[in-house]
Amino acid sequence: MQICVTLAHMKLWFVLGIFFLGTAVLGIILPLLPTTPLVLLSAGCFAKSSPKTYNWLLNSDQFGPVIKNWEANRCIPRRAKTIALSMIILVGGSSVLFFVPLGWPKFAALALLAWGTWYVWHIPTCAAS
């Protein structure tokens, strides 16, 4: 029974890793998707499910440096942080302003945006290299 649960969890982590990596690749093309956090999420999922896929991602020219920098320094580049905060405020804020109904839904959405902004703001920014 324990082996089945472990295999199911590994498959779930792998599927999530593929989803986040695919979304990150779209983020290279589409300006509203934050590539760096999605790559880090996919790396975490692959680390729990597939060492082979994790190592492939870690050694890729496109995504490897971001993951290695995060693992070594636990920081994100200033550009990634600026884009993430801008998108939270601009896209999230305008969505809440124009599309979320008044009352508790608007309050909950604003609280989530405030928490997301606070969280990203407090991630250390990598020193300029």
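Where does Arg74 have its place? Keep that in mind while we walk through this predicted model; the tour will come back to Arg74 near the end.

**Stop 1: the whole chain**

Start with everything shown as a cartoon. You are looking at six helices and zero strands, so to speak an α-α-α-α-α-α pattern when you read along the sequence. Drawn around the C-alpha atoms along the principal axes, a box would come to roughly 45 × 45 × 25 Å. Of the 129 residues in the chain, 31% are buried. Switch on the surface and you have about 8900 Å² of accessible area, with 74% of it belonging to carbon and sulfur atoms. Among contacts with a separation of 6 or more, 60% are between residues 24 or more positions apart.

Now colour by confidence. The chain has an average pLDDT of 88, and 94% of the residues score at least 70. Helix 3 has the highest mean, 95, while helix 1 has the lowest, 84.

**Stop 2: the nonpolar core**

Next, select Tyr54, Leu57, Phe63 and Ile67. In the largest nonpolar core, which has 16 residues, these four touch the most other members. Helix 1 (2-29), helix 2 (35-49) and helix 3 (51-58) are the elements that each give two or more residues to this core. Helix 2 supplies the largest share, with six residues. In soluble globular proteins, nonpolar side chains tend to be buried together.

Stay with Ile67 and show what surrounds it. Setting aside residues up to four places away in sequence, Ile67 touches Val39, Leu40, Ala43, Tyr54, Leu57 and Leu58.

**Stop 3: Phe14 and Thr53**

Move to helix 1 and select Phe14. Which residues is Phe14 in contact with, leaving aside its neighbours within four places in sequence? They are Phe46, Ser49, Ser50 and Thr53. Phe14 counts as partly exposed because its relative accessibility is 31%, between the 20% and 50% cut-offs. For a sense of distance, add Trp115: Phe14 and Trp115 are 101 residues apart in sequence, and their C-alpha atoms are 28 Å apart in space.

Now follow the contact across to Thr53, which is found in helix 3. Is Thr53 buried or exposed? Thr53 counts as buried, because its relative accessibility is 17%, and buried means under 20%. With neighbours within four places left out, Thr53 is in contact with Phe14 and Phe46. Both Phe14 and Thr53 therefore have Phe46 on their contact lists. Try a distance from Thr53 to Ile18 as well: the two are 35 residues apart in sequence and 9.8 Å apart in space, C-alpha to C-alpha.

**Stop 4: a nonpolar patch on the surface**

Bring the surface back and select Val25, Leu26, Ile28, Ile29 and Leu30. Together these residues form a nonpolar patch with about 450 Å² of accessible area. Zoom in on Leu30, which is found in the loop between helix 1 and helix 2. Leu30 counts as partly exposed, at 41% relative accessibility.

**Stop 5: back to Arg74**

Finally, select Arg74. Its place is in the loop between helix 4 (64-73) and helix 5 (78-99). Look at the backbone here: phi of Arg74 is near 50°, a positive value in a residue other than glycine. With a relative accessible area of 47%, Arg74 is partly exposed.

Note on methods
Residues are numbered from 1 along each chain as its sequence is written. This is a predicted model: local features need pLDDT of at least 70, side-chain atom pairs count only at pLDDT 80 or more; totals for chains, interfaces and linings use all residues. Side-chain values use heavy atoms; hydrogens and water are left out. A nonpolar core is a set of buried Ala, Val, Leu, Ile, Met, Phe, Trp, Tyr and Cys residues joined through side-chain atoms within 4.5 Å. Buried means under 20% relative accessible area, exposed over 50%, partly exposed in between (1.4 Å probe, protein chains only). Helices (H or I, at least four residues) and strands (E, at least two) are DSSP runs, numbered from the N terminus. Contact means heavy atoms within 4.5 Å. Patches are made of residues with over 30% relative accessible area and no salt bridge: like charges are joined within 9 Å, nonpolar side chains (Val, Leu, Ile, Met, Phe, Trp, Tyr) within 5 Å. Accessible areas come from the Shrake-Rupley method with a 1.4 Å probe; for residues, only the protein chains shown count as cover. A salt bridge is a side-chain nitrogen of Lys or Arg within 4 Å of a carboxyl oxygen of Asp or Glu. pLDDT is the predictor's confidence in each residue, from 0 to 100.
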